[in-house]
Amino acid sequence: MSPLPTPRRIASLQPSATVILAAIGELDRVVACTKYCADVVPEIASHPRIILADSWTANAEQIVATQPDLVIASVPYQEKAVIEILKSGIRFLGFAPKTLADIYTDVAIISGAVGASGRGEQVIAHMQQRIEQVRARTAGVPRPRVFCEEWGKPLIASQAWVAELVEAAGGEFVGTPGRQISAEEVAQMDPEILVAAWCGAGDRVPLEKIITGRKWQGTCAARASRIYCIPDEYLNTPAPTLLRGLDALAFAIHPDLFASTKGIRQITFDASSVAMKVPL
């Protein structure tokens with residue numbers, strides 16, 4: 001049985017897929033993507049590409065009109081749109097990673113689909129090596145309690161892969177990854193470090209407002225001014241960009257061992273709980 005031809009025209013509705021294609025040197029295959037892909041992979045702008053709506057709002061007609069031979073999207077995806085895409089004869093890949101192992105599998109699948117398995121293996125090996133280097137450096141150090149959130153209303157803890165990165169960076173992830181949680185429950189766990197990385201918010205999370213609004217001023221994190229915003233794409237894009245998130249987490253958790261990194265933002269509180277921004 002002859003192998004399927006590798007896709008030449010890819011419509012990527014998932015930023016992580018676009019990042020992976022860039023990492024393996026196959027970005028030229030992307031003929032259409034979302035504005036979120038362009039935010040995470042700025043080099044997308046180097047060649048004209050059609051900008052699509054995101055995975056939840058893009059319609060099949062808009063996607064098919066770009067004449068792709070492969071569509072990559074996040075799951076769950078619109079059932080109706082998937083049916084129409086498949087009816088048109090276009091191949092469809094949907095991903096819903098939860099863990100770092102899932103992310104490595106996604107890299108392997110995408111790389112294999114475009115005939116670049118070797119480069120995909122190199123990307124996976126690089127990610128694993130970097131994470132293990134940080135893990136080795138934090139072995140035996142105290143492990144402060146860390147709460148990371150990926151959304152604020154409702155309050156949702158970050159995904160399992162973020163919990164794994166927190167552990168590698170020498171912290172103890174508190175809460176259940178990917179689950180909704182109340183502000184009161186977080187306060188009871190009394191995290192020593194608070195990290196906000198809201199989906200779609202970049203680095204613009206209103207740290208001061210969420211601390212006072214949730215009455216978290218009495219937490220260990222607030223009293224020690226260990227409250228951080230890490231850019232959305234560093235922690236919420238399941239792709240090699242997570243290494244930037246790892247660097248940011250490592251600094252937030254163990255600033256005595258790791259240097260500050262670009263993008264992370266911290267606030268400090270005075271006695272009256274008025275916040276002051278401190279760029280790092």
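These are my notebook entries on a predicted model of one protein.

**Overall form**

I began with the whole chain. The secondary structure comes to 12 helices and 12 strands. I then looked up the extent of the C-alpha trace, which spans about 65 × 35 × 30 Å along its principal axes. For 280 residues a compact globule would have a radius of gyration near 19 Å, and the protein has 20 Å, so the two agree. Buried residues account for 50% of the 280 residues. I also checked how far apart in sequence the contacting residues lie: of contacts between residues at least 6 apart, 60% join residues at least 24 apart.

**Strand β9 and its neighbours**

I turned next to β9, residues 193–196. Which residues lie on each of its faces? Ile193 and Val195 are on one side, Leu194 and Ala196 are on the other, and all are buried, which leaves both faces covered. I noted the general rule behind this reading, that side chains in a regular strand alternate between the two faces of the sheet.

I then traced the partners of β9. Strand β6 (residues 145–151) runs parallel to β9 and is joined to it by four bridges. In this pairing Glu149 stands opposite Ala196. Strand β10 (residues 227–229) is also parallel to β9, with three bridges between them. Here Leu194 stands opposite Ile227.

**Ser158**

Glu149 led me to Ser158, as a polar atom of the Ser158 side chain lies 3.5 Å from the backbone nitrogen of Glu149. I located Ser158 in the loop between β7 (156–157) and α7 (160–168). Is this residue buried or exposed? Ser158 has a relative accessible area of 0%, and therefore counts as buried. Leaving aside residues up to four places away in sequence, I found that Ser158 touches Cys148, Glu149, Glu150, Phe173, Pro177 and Gly178.

**Val107 in helix α5**

I looked up Val107, which lies in helix α5 (residues 100–113). Its relative accessibility is 0%, so Val107 is buried. With residues up to four places away in sequence left out, Val107 touches Ile20, Gly120, Val123 and Ile124. For one of these, Val123, I recorded the separation: 16 residues in sequence and 7.9 Å in space, C-alpha to C-alpha.

**Helix α12**

I checked the length of α12, residues 242–253, against expectation. At 1.5 Å a residue its 12 residues should span 16 Å, and the end C-alpha atoms are 16 Å apart, so the helix agrees with the rule. How many of its residues are buried? The count is 10 of 12, and I therefore describe α12 as mostly covered, given that buried means under 20% relative accessible area. The buried residues are Leu242, Leu243, Gly245, Leu246, Ala248, Leu249, Ala250, Phe251, Ala252 and Ile253.

**Cysteines**

Last, I searched for disulfides, requiring two cysteine sulfur atoms within 2.5 Å. The count comes to zero. Why is Cys33 not bonded to Cys37? The sulfur of Cys37 is the closest cysteine sulfur to that of Cys33, but at 4.9 Å it is too far for a bond. Cys33 is buried, with a relative accessible area of 0%. Cys220 is likewise in no disulfide, and its nearest cysteine sulfur, that of Cys148, is 16 Å away. The relative accessibility of Cys220 is 22%, so I entered this residue as partly exposed.

Technical notes. Residues numbered from 1 in each chain as written. Predicted model: local features only at pLDDT ≥ 70, side-chain atom pairs only at ≥ 80, totals over all residues. Heavy atoms only, no water. Helix = DSSP H or I, 4+ residues; strand = E, 2+ residues; numbered from the N terminus. Expected span 1.5 Å × (residues − 1). Buried < 20%, exposed > 50% of the residue type's maximum accessible area, 1.4 Å probe, protein only. Polar contact = N/O pair within 3.5 Å; in protein donor to acceptor, adjacent residues only side chain to side chain. Contact = heavy atoms within 4.5 Å. Pairing = 2+ DSSP bridges. Rg over C-alpha atoms; globule rule 2.2 N^0.38 Å.
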